[in-house]
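Student: Could you take me slowly through the charged side chains of this protein, and then through the nonpolar surroundings in which they sit? I would like one connected explanation rather than a list.

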Amino acid sequence: MAQLRQEVDPGEAGLDAKALDRLDQHFAHYVDEGRLPGFLVAVSRGGRVAHLTAHGHRDLAAGLPVEADTLWRIYSMTKPVTSVAALLLVEEGRLSLDDPVARHLPAFADPQVYVGGSGAGLRTRPADGPILVRHLMTHTAGLTFAFYQNHPVDALYREAGLESAVIPGSNLAETVDVYAGLPLQFEPGTEWNYSVATNVLGRVVEVVSGQPLDTFLAERIFGPLGMTDAGFHVPPEQRDRLAELYGDADGGGIEPIPGLPLHGRPRFLSGSGGMVASAHDVHRFAELLRRRGELDGTRLLAPRTVDLMTSNQLPGGADLRSFGSRPAHDEPGNDGVGFGLGVSVVIDPERTKAPSGLGTYGWSGVATTTFWVDPGRDLTVQFMTQVRPKGSHSIYPELKRLVHEAVTD
């Protein structure tokens, strides 16, 4: 087990210690109010951890504190990891971003696109072109999530039993085949819609590599990078390190809720949201990207590949708000933010909701975990807690503001 540690004083890294104290106090107030059980925040410059705070509890009922080695369900922060896995195969020539997905997953050979109507009267037409691997990585494939509740195709996902993006009891291959049998919301490549696409990408990785997704990630990413706790389940000897998952309670505050079934290898290996990791693991992965594919002498990807991954891939340089017509994505926070291959990318800092440097990239998870890399400031940040809010959370813009106030150079 490796553990994240502070490596340098904030002042040496161009950070204001008093401003970082304000950051800690701000989120400690959330804990005092019962809005968060606890949290971990880490800020690094030039790869060195200059601020690390663990505060509050990982398990309120048991009275267990958040510690540097606490394990967290990172949910959608799994997506960039799966994207790196696919890019490894691209560099080896075993996969291309412009491969039709059907070349590897034949169930996608005849995609149908929504035309109109709903329920039994829903109408479709054959897609003009195939779903490509790059469409999966940019969420422009036309796939969706069942929980959006704003489109007739979303309703079909719910009817198919995909409320949690997986058919209960099914594995990744079986679930992806169900996705393939449902209509697309739009012609591939023409809009952005955050979706189950990264689960499909995970299945592509399995088929092309000939290995289960968890095995491929362990051998090709976690092992080489020293991500010693990352995976899809928690071994018995580490279970006391796993943070409890909470949700918003009806009467205010938070209460424990069911989370990922991490006690034993899951049948469904979700490349979209199935991972658990420590702060050390997240830091190692972020550093791989900040250093453009290399870490401590181990190179996983070429610099140009990471540059491609972390640059906006939406056609015409569009941002998420203008390229995503779904109501779920028509949010001010999507202004000035594009999307790369598995990560969001700031393309216009002046239009973003929170202070952000040009080219800043990263992603978040539904349990209020996040990481980002700001190349211009040589800055990496992560924030970890375990609360699934019922609505949108103000934590992320507040965190970005407080971190940026601490940068002195």
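Tutor: Let us start with the charged pairs, keeping in mind that this is a predicted model. The structure holds 26 salt bridges, and in general side chains of opposite charge can pair when their charged atoms come close. A few of these pairs are worth following one at a time.

Take arginine 203 and glutamate 206, whose side chains meet in a salt bridge with an N to O distance of 2.8 Å. Both residues belong to helix α6, which covers residues 197–209, and they are three residues apart, or about one turn of the helix. Their surroundings can be judged from how much of each is accessible. Because buried means under 20% relative accessible area, glutamate 206 at 10% counts as buried, whereas arginine 203 at 22% counts as partly exposed.

A pair can also reach across the sequence, as arginine 290 and aspartate 378 do: they form a salt bridge in which the closest N and O atoms are 2.7 Å apart. Arginine 290 lies in helix α8 (residues 279–290) and aspartate 378 in the loop between β15 (369–374) and β16 (379–384), so this pair ties together parts that are 88 residues apart in sequence. Here the arginine is the buried partner, with a relative accessible area of 17%, while aspartate 378 is partly exposed at 32%.

The next pair belongs to a group. Aspartate 335 and arginine 321 form a salt bridge whose closest N and O atoms are 2.9 Å apart. The two link distant parts of the chain, 14 residues apart: aspartate 335 is in the loop between α10 (320–323) and β12 (337–339), and arginine 321 is in helix α10 itself. Aspartate 335 is buried, with a relative accessible area of 17%, and arginine 321 is partly exposed at 29%. Both also take part in a network of salt bridges that links Asp319, Arg321, Asp335 and Arg351.

What, then, of a buried charge that has no salt bridge? Aspartate 154, in helix α4 (residues 152–159), is such a case: the nearest side chain of opposite charge, that of arginine 158, is 5.2 Å away. That distance does not count as a salt bridge because the cut-off is 4 Å between a side-chain nitrogen of Lys or Arg and a carboxyl oxygen of Asp or Glu. The side chain of aspartate 154 does, however, have a polar contact of 2.8 Å with the side chain of threonine 144. If residues up to four places away in sequence are not counted, aspartate 154 touches Thr144, Phe145, Ala146, Tyr148, Gln149 and Gln185.

Now for the nonpolar surroundings. In soluble globular proteins, nonpolar side chains tend to be buried together. In this model the largest nonpolar core has 94 residues, and those with the most contacts inside it are Leu136, Tyr179 and Ile221. Helix α2, residues 78–91, gives the largest share of this core, namely seven residues. There is also a second, separate core of 27 residues, which includes Ala19, Phe39, Val381 and Leu399.

Leucine 136 shows what such contacts look like in detail. Leaving aside neighbours within four places in sequence, leucine 136 is in contact with Val101, Ile131, Ala141, Leu143, Ala197, Val200, Leu201 and Val204. One of these, isoleucine 131, sits in the loop between β6 (123–126) and α3 (133–138). Isoleucine 131 counts as buried because its relative accessibility is 3%, and the contacts that isoleucine 131 makes beyond four places in sequence include Asp99, Pro100, Phe108, Leu184 and Pro188, as well as Leu136.

Finally, two loop residues deserve a look for their backbone. Alanine 165, in the loop between α4 and α5 (172–180), has a positive phi of about 75° although it is not a glycine. Threonine 368, in the loop between β14 (361–365) and β15, likewise has a positive phi, about 65°, and is not a glycine. Both are buried, alanine 165 with a relative accessible area of 9% and threonine 368 with one of 1%.

Methods. Residues numbered from 1 in each chain as written. Predicted model: local features only at pLDDT ≥ 70, side-chain atom pairs only at ≥ 80, totals over all residues. Heavy atoms only, no water. Core = buried A, V, L, I, M, F, W, Y, C linked by side-chain atoms within 4.5 Å. Buried < 20%, exposed > 50% of the residue type's maximum accessible area, 1.4 Å probe, protein only. Helix = DSSP H or I, 4+ residues; strand = E, 2+ residues; numbered from the N terminus. Contact = heavy atoms within 4.5 Å. Lys, Arg positive; Asp, Glu negative; His and termini not counted. Polar contact = N/O pair within 3.5 Å; in protein donor to acceptor, adjacent residues only side chain to side chain.
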